[in-house]
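Please look through the model below with its sequence at hand, and follow the explanation residue by residue and then element by element.

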Amino acid sequence: DRTAHAYGTLVWLDGARPAAGGGDLPFAGLRVAQDTGSAILGDTRVDDFRGWGPHAEDTAGRTRHAIGFTLLEPTP
């Protein structure tokens, strides 16, 4: 939600994502806040872009996981 976090903010995600064959896989990675969708509102929502094509659409459609995220801000 761009009213809660500035575009360009670095964000560390840590949690799980769906595995291709079912179940979950651990996941952690650095992302950049760069977009908001109409359903991604509020300061505790994350939409992690997974790519294009059928595999990415399938994975995105099955992702409803709670995930930790840490905003990384520069210090003066």
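Leaving aside its neighbours within four places in sequence, T9 is in contact with R31, V32, A33, L71 and L72. This residue is found in the segment before β1, and because its relative accessibility is 14%, below the 20% limit for burial, T9 counts as buried. As the model is a predicted one, these contacts are best read together with the confidence values given further on.

From T9 the chain passes into strand β1, which covers residues 10-18 and is joined by nine bridges to strand β2, residues 24-32, with the two strands running antiparallel. Together β1 and β2 form a hairpin that has five residues between its strands, and in this turn G22 has a positive phi of about 105°. Two positions help to fix the register of the pairing for the reader: W12 stands opposite L30 in β2, while G15 stands opposite F27 in the same strand, β2.

Strand β1 also has a second partner, since β1 and strand β3 (residues 68-72) pair in the antiparallel sense over five bridges. Here L13 can serve as a marker, for it stands opposite F69 in β3. β1 is thus paired with β2 and also with β3.

W12, which lies in strand β1, shows this arrangement at the level of one side chain and its surroundings. Leaving aside its neighbours within four places in sequence, W12 is in contact with A28, G29 and L30, and also with G68, F69 and T70. The C-alpha atoms of W12 and R31 are 6.2 Å apart in space, although the two residues are 19 apart in sequence. How far is W12 buried or exposed? With a relative accessible area of 37%, W12 is partly exposed, because this value falls between the 20% limit for buried residues and the 50% limit for exposed ones.

W12 also belongs to a nonpolar patch on the surface, which is formed by L10, W12, L30, V32 and L72 and has about 420 Å² of accessible area together. Strands β1 and β2 each supply at least two residues of this patch. Two of the patch members, V32 and L72, are also among the residues in contact with T9, and L30, another member, is the residue that W12 stands opposite in β2.

Taken as a whole, the secondary structure of the protein comes to one helix and three strands, and read along the sequence these elements follow the pattern β-β-α-β. Of the 76 residues, 17% count as buried, and the protein exposes about 5600 Å², of which carbon and sulfur atoms supply 55%. Among contacts between residues at least 6 apart in sequence, 56% join residues that are at least 24 apart.

It remains to consider how confident the prediction is from one part to another. The protein averages a pLDDT of 77, and 80% of the residues score at least 70. Among the elements, β2 has the highest mean pLDDT, 87, whereas helix α1, residues 54-62, has the lowest, 73.

Key. Residues are numbered from 1 along each chain as its sequence is written. Side-chain values use heavy atoms; hydrogens and water are left out. Two strands pair if DSSP finds at least two bridges between them. Helices (H or I, at least four residues) and strands (E, at least two) are DSSP runs, numbered from the N terminus. Buried means under 20% relative accessible area, exposed over 50%, partly exposed in between (1.4 Å probe, protein chains only). Contact means heavy atoms within 4.5 Å. Patches are made of residues with over 30% relative accessible area and no salt bridge: like charges are joined within 9 Å, nonpolar side chains (Val, Leu, Ile, Met, Phe, Trp, Tyr) within 5 Å. Accessible areas come from the Shrake-Rupley method with a 1.4 Å probe; for residues, only the protein chains shown count as cover. A salt bridge is a side-chain nitrogen of Lys or Arg within 4 Å of a carboxyl oxygen of Asp or Glu. pLDDT is the predictor's confidence in each residue, from 0 to 100.
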